[in-house]
Amino acid sequence: MANIKSQKKRILTNARRTERNRAVKSELRTLARRTREAVVAGDREKAQAALLLVSKKLDKAVTKGVLHKNTAANRKSKLAKQVNSL
């Protein structure tokens with residue numbers, strides 16, 4: 001355990017950020033899975049609605065520093081290709 005006060009604070013803030021990042025990434029995986037499931041089911045409207053939602057959440061994750069912008073762009077592109085294939 002650290003002895004320096006600022007480092008003790010850093011450990012706590014890192015733990016909070018890690019927890020938040022884990023929750024956001026989990027939500028993103030769930031939304032992406034729902035989009036893929038809608039594509040497999042052949043439900044175009046549901047897939048497009050899910051794509052809209054996951055795109056919004058990916059953009060927000062980028063602004064909050066959870067994901068790199070290129071990672072989010074790649075994921076959005078991959079999902080959009082799948083939805084457009086319907």
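A crossing of two helices is left-handed if the near helix is turned anticlockwise from the far one by less than a right angle, and right-handed if clockwise. Keep that in mind as we look at how the helices here pack.

This is a predicted model, in which local features need pLDDT of at least 70 and side-chain atom pairs count only at pLDDT 80 or more, while totals for chains, interfaces and linings use all residues. Residues are numbered from 1 along each chain as its sequence is written, and side-chain values use heavy atoms, with hydrogens and water left out.

Helices (DSSP runs of H or I, at least four residues) are numbered from the N terminus. Axes are lines fitted to C-alpha atoms over the stretch in contact, and angles run from 0 to 180 degrees between N-to-C directions.

| Pair | Axes and angle |
|---|---|
| α1 (residues 5–41) and α2 (residues 44–63) | within 9 Å, roughly 160 degrees |
| α1 and α3 | 9 Å apart, about 20 degrees |
| α2 and α3 | within 10 Å, roughly 175 degrees |

Angles under 35 degrees count as roughly parallel and those over 145 as roughly antiparallel. Therefore α1 is roughly antiparallel to α2, α1 is roughly parallel to α3, and α2 is roughly antiparallel to α3. The crossing of α1 with α2 is left-handed, and α1 passes α3 in a left-handed crossing too.

Which residues of α1 meet α3? They are Ala32, Thr35, Arg36 and Val39, and their partners in α3 are Leu79, Gln82 and Val83; contact here means heavy atoms within 4.5 Å. This contact has 4 nonpolar, 2 polar and 1 charged residues. For these classes, Ala, Val, Leu, Ile, Met, Phe, Trp, Tyr, Cys and Pro count as nonpolar, Asp, Glu, Lys and Arg as charged, and the others, Gly among them, as polar.

Where α1 meets α2, the α1 residues include Leu28, Leu31 and Ala32, and those of α2 include Ala50, Val54 and Leu58. The residues of that contact divide into 13 nonpolar, 1 polar and 3 charged.

Finally, look for the largest pocket, lined by Leu28, Arg29, Ala32, Arg36, Val54, Leu58, Arg75, Lys78, Leu79 and Gln82. A pocket is an open set of points on a 1 Å grid over the protein atoms alone where a 1.4 Å probe fits, with protein on both sides within 12 Å along at least five of seven lines, and lining residues have an atom within 4 Å of a point. The lining draws at least two residues from each of α1, α2 and α3 (69–84), and has 5 nonpolar, 1 polar and 4 charged residues.

Notes: Angles under 35 degrees count as roughly parallel, over 145 as roughly antiparallel, 65 to 115 as roughly perpendicular and the rest as oblique.
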